[in-house]
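Me: Could you walk me through reading surface patches and cavities?

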Amino acid sequence: MSKPNRPHALSGVVPLVRMRGRDVDEKERVSTPLELLFDLTFVVAVSSIVTQLAHAVAEDHVATAIPNFLMVFFAIWWAWLNFTWFASAYDTDDVPYRLLTMLQMGGVLVLAAGVPSAFEHGDYLLITIGYFIMRIALVVQWLRAAAQDPEGRATALRYALGISVVQALWIIRLFTTGGLPDGWQIAIFAALAVCEMAVPLWAERPRQTRWHPHHVAERYSLFVIILLGESVLASSVGVQGIVSAGAGSGPFVLIAASGLALLFGLWWIYFLEPAHEGLEQNRSWSYFWGYGHYVVFAALAAVGAGIEESVEAFGHEIEAPIQVIGWAIAVPVAVYLVAMQVLYRPLIGRTVIPAWLSLGAAALILLLPLLTEAIALPLVVLLITLVVAAVIAVTILLRRPRGEELTAAG
């Protein structure tokens, strides 16, 4: 049996560690300080896209903003996802690995700088350049894995080739589709996104990479916290603006408090489901779970934009109807609840939160913005929050240990 490859204790000092597939049963595998630093660059990218979506909601341009939001968020999410799964299998944390990761971080920042232009003018130049930087760095990582890990060479070479080909198609798209109608541009983007997601399916046919289930589950949960943290930041900026303008009031306090409680509830719901156990027992569902998180992550980002605009609605005049602001919160929350059920039921079988509870709550939440014609927006946000809280409370009551189980545990 070959000795499992783990980063040397002095890998940050030693110039080179041979890149081999890491042990899938490695004990106490957690996110590294480098991974946490890498995630910080995505805070900037997520902040930019949430801000742009919030502005579009306020200006009542939701129909045109949603396609841009979904496309730009795909670039952010896919770059993060590829780094995460590669690192789970091949993280050496030595000098070349760190430098290539720094290059990828630079690409994220370039991409983030291009978000406003993409939303306002449909200009994807900076986003494509930033994405190119990230992808080229990842290709070099896969070529290094191919050179140093004979067992995984075929898979690594397929990844390098697939990523390079699709990246070339993205560049061709940038220079050839500018004059096409929006519908065609969206369709071409969707086709290339499908090509991106097909690369891992094709690349791992010879041999699957040795990703660590507990590590991957932790990395995804950390990205959830980044998205929720951005929502908190967006809300706090809105609160500061309202307070500075002297427009604070009881309804304003209610909507701000409800928004914070809502984010806390969404966090609670995510961490109720045991992802690490499901990935460990059902590795064959990893693609479905990993890819499906695009919906979960995008929904959480959109919730942040909705909360920001619900706060802003009390201090500034906005063009969007109040009902649209209500749906800007309700729709992503409902999507989030449904997506959690869809992703986790195949992975873990019986979800902690019953399906009937999540789906019923999602349906009710979608109806609540209709009440804005009769009650104020803060009360609608409060009701959405109370529905989410009810999901958590009912789940706890249904899953609490019985008396004899507590006695046995004691």
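Me: Which residues make the nonpolar surface patch?
Reply: A patch gathers residues with over 30% relative accessible area and no salt bridge, with nonpolar side chains (Val, Leu, Ile, Met, Phe, Trp, Tyr) joined within 5 Å and like charges within 9 Å. Here I225, F264, W267, W268, F271 and I396 make one of about 550 Å². This is a predicted model, where local features need pLDDT of at least 70, side-chain atom pairs count only at pLDDT 80 or more, and totals for chains, interfaces and linings use all residues. Residues are numbered from 1 along each chain as its sequence is written, and side-chain values use heavy atoms, leaving out hydrogens and water.

Me: Which helix gives the largest share of that patch?
Reply: Helix 9 (residues 250-270) does, with 3 residues. F264 is found in helix 9 and is partly exposed, at 47% relative accessible area (partly exposed lies between buried, under 20%, and exposed, over 50%, with a 1.4 Å probe and protein chains only).

Me: How many cavities of 30 Å³ or more are there?
Reply: A cavity is a set of points on a 1 Å grid over the protein atoms alone where a 1.4 Å probe fits but cannot get out; lining residues have an atom within 4 Å of a point. The structure holds 3, and the largest has a volume of about 230 Å³. Its lining has 17 residues, with W85, Y159, P200, E204 and Y287 closest to the centre.

Me: Which helix supplies the largest share of that lining?
Reply: Helix 2, with 6 residues.

Me: What about the second largest cavity?
Reply: Its volume is about 120 Å³, and its lining includes M71, Y131 and R173.

Technical notes
Areas by Shrake-Rupley, 256 points an atom, 1.4 Å probe, with all protein chains shown as cover. Salt bridge = Lys/Arg side-chain N within 4 Å of Asp/Glu carboxyl O. Helix = DSSP H or I, 4+ residues; strand = E, 2+ residues; numbered from the N terminus. 1 Å grid on protein atoms, 1.4 Å probe; cavity = no way out; pocket = protein on both sides within 12 Å on 5 of 7 lines; lining within 4 Å. Points joined across faces, edges and corners; volume = space filled by probe spheres on them.
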